[in-house]
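Here are some notes for a colleague who is opening this entry for the first time. Please keep the structure in view while going through the points below.

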Amino acid sequence: MQKRLNELKIIAETKIKSAHDLNTLKELKVKFLGKKGELTSVLRGMGGLSPEERPQVGALANEIRNRLESLISSKTEELEEEKLEKQLREQTVDVTLPGLPLTVGAIHPLQAIWEQMEDIFIGMGFEVAEGPEVETDKYNFEMLNFLKEHPARDMQDSFYINPEILLRTHTSSVQPRTMLAKEGEVPVRIICPGKVYRRDSDDATHSHQFMQIEGLVVDRGVSMSELKGVLLTFIQKMFGKETEIRLRPSFFPFTEPSVEIDIYDPQKGWLEILGAGMVHPRVLEKSGYNPEHYTGFAFGTGIERIAMLKYGIDDIRHFYNNDLRFLRQFQSE
Ligand code: 2NL
């Protein structure tokens with residue numbers, strides 16, 4: 001029996017030492033030391049031994065069990081360590097490799113001008129007002145003193161949905177809406193940025209859809225000099241504090257007197273950038289402000305126009321084509 005135990009020991013030792021993975025090792029443990037393992041089955045034959053032999057065989061069996069157990073646990077440790085090292089070797093990160101560059105977007109130039117203009121006018125005490133792009137004839141024309149036969153009211157010039165409803169042709173329509181909502185309260189000091197639509201053929205300087213910002217101030221004692229001061233401040237913040245301006249007489253249905261404002265460019269000469277004027281008494285009246293007590297000024301300009309002048313862009317269509325070569329020029333880094 002001792003002989004069988006010693007043979008078992010040698011076989012088990014050899015197999016354990018040559019195990020290459022943790023699974024094999026587990027299987028060997030069951031095979032030799034498990035409840036139905038080989039060592040147990042040899043010991044089951046102990047009943048046939050003499051009382052003198054029994055303790056000796058028992059001691060030997062224990063010694064073998066201990067020996068195999070410690071062999072298995074040290075082999076387990078060895079294999080686990082190997083496995084970990086292999087993993088580490090395979091998963092190393094080479095921190096010296098170049099990184100993958102991330103593409104960073106850019107603010108669209110029209111959005112940039114829109115935000116700058118809002119900031120400048122908010123700085124002068126204006127509030128931002130918005131209104132619908134699908135407008136009624138009433139707010140788009142009637143309230144703004146456009147006569148029935150005004151050419152802008154022609155089906156050829158505006159996008160009509162039906163005879164009473166159209167895509168707004170200017171953001172001016174927001175202003176009577178805001179004035180009516182204020183029910184005669186002063187001051188009115190708003191700017192209205194937004195998209196507008198005209199039935200034009202697209203070319204380098206025209207687009208059937210573009211953006212405007214209009215402003216309106218109504219209060220007691222508002223004068224032409226306040227108009228000039230506010231717009232000169234805006235222009236010098238947008239184009240530089242040395243920028244010179246010129247006011248020329250003009251005509252708009254909703255202002256009287258009306259002016260056009262030019263800025264001076266040393267290369268290109270005088271360039272028109274804004275239309276403005278004192279709010280027509282009839283426009284004030286229609287929106288609930290008595291022109292005997294209140295006066296106001298208003299102005300309007302195209303966001304595209306400002307952006308083209310500021311960035312030296314020669315074709316309005318660049319803004320809408322979404323050509324990345326154009327857009328990337330506005331990335332800040
Ligand atoms: C331009 C000129 C202008 C206005 C817009 C306005 C609005 C009300 C009353 C009076 Cl409610 N005026 N808006 C006034 C003068 C000029 O725009 O060239 N826009 C692109």
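1. Since this is a predicted model, the points below describe computed geometry, and a good place to begin is the ligand, where a backbone N or O atom of Gly300 lies 3.4 Å from a nitrogen atom of the ligand. A second contact of this kind involves a side chain: an N or O atom in the side chain of Glu214 is 3.0 Å from a nitrogen atom of the ligand.

2. How much of the ligand does the protein bury? Taken alone, the ligand exposes 480 Å², and the protein buries 90% of that area. As for its location, the ligand sits in the largest pocket.

3. The surroundings of the ligand are made up of 15 residues, and the closest are Gln175, Gln212, Glu214, Phe254 and Ala298. Glu214, listed here among the closest, is also the residue whose side chain has an N or O atom 3.0 Å from a ligand nitrogen.

4. Which elements give two or more residues to the shell around the ligand? They are strand 6 (209-219), strand 9 (269-279) and strand 10 (295-302). Of the contributions to this shell, that of strand 10 is the most, with 4 residues.

5. Turning to the overall layout, the domain assignment of the protein gives domain 1 as residues 2-90 and domain 2 as residues 109-330. The centres of domain 1 and domain 2, taken over C-alpha atoms, are separated by 93 Å, a value that a new reader may wish to keep in mind when viewing the whole chain.

6. The UniProt record, an unreviewed entry, places the feature "domain: Aminoacyl-transfer RNA synthetases class-II family profile" at residues 111-329. Over residues 111-329 the chain is 30% helix and 32% strand, while the end C-alpha atoms of this stretch are 14 Å apart.

7. Two peptide bonds deserve a look in the backbone. A cis peptide bond joins Val186 and Pro187, with omega about -5°, and Pro187 is placed in the loop between helix 7 (174-182) and strand 5 (188-197). Another cis peptide bond joins Glu256 and Pro257, where omega is also about -5°, but the place of Pro257 is in strand 8, which covers residues 255-265.

8. A last backbone point concerns Asn145, which has a positive phi of about 70° although it is not a glycine. Where in the chain does Asn145 lie? Asn145 is found in the loop between helix 6 (137-140) and strand 3 (160-162).

Definitions and conventions
Residues are numbered from 1 along each chain as its sequence is written. This is a predicted model: local features need pLDDT of at least 70, side-chain atom pairs count only at pLDDT 80 or more; totals for chains, interfaces and linings use all residues. Side-chain values use heavy atoms; hydrogens and water are left out. Domain bounds come from an automatic or database domain assignment. UniProt positions are given in the numbering used here, feature names are shortened, and annotations may be inferred rather than shown by experiment. A residue is near a molecule or strand if one of its heavy atoms lies within 4 Å of it. A polar contact is a pair of N or O atoms within 3.5 Å; within protein, one must be able to donate a hydrogen and the other to accept it, and residues adjacent in sequence count only if both atoms are side-chain atoms. Accessible areas come from the Shrake-Rupley method with a 1.4 Å probe; for residues, only the protein chains shown count as cover. On a 1 Å grid over the protein atoms alone, a cavity is a set of points where a 1.4 Å probe fits but cannot get out, and a pocket is an open set with protein on both sides within 12 Å along at least five of seven lines; lining residues have an atom within 4 Å of a point. A molecule sits in a cavity or pocket if more than half of its atoms lie within 2 Å of its grid points.
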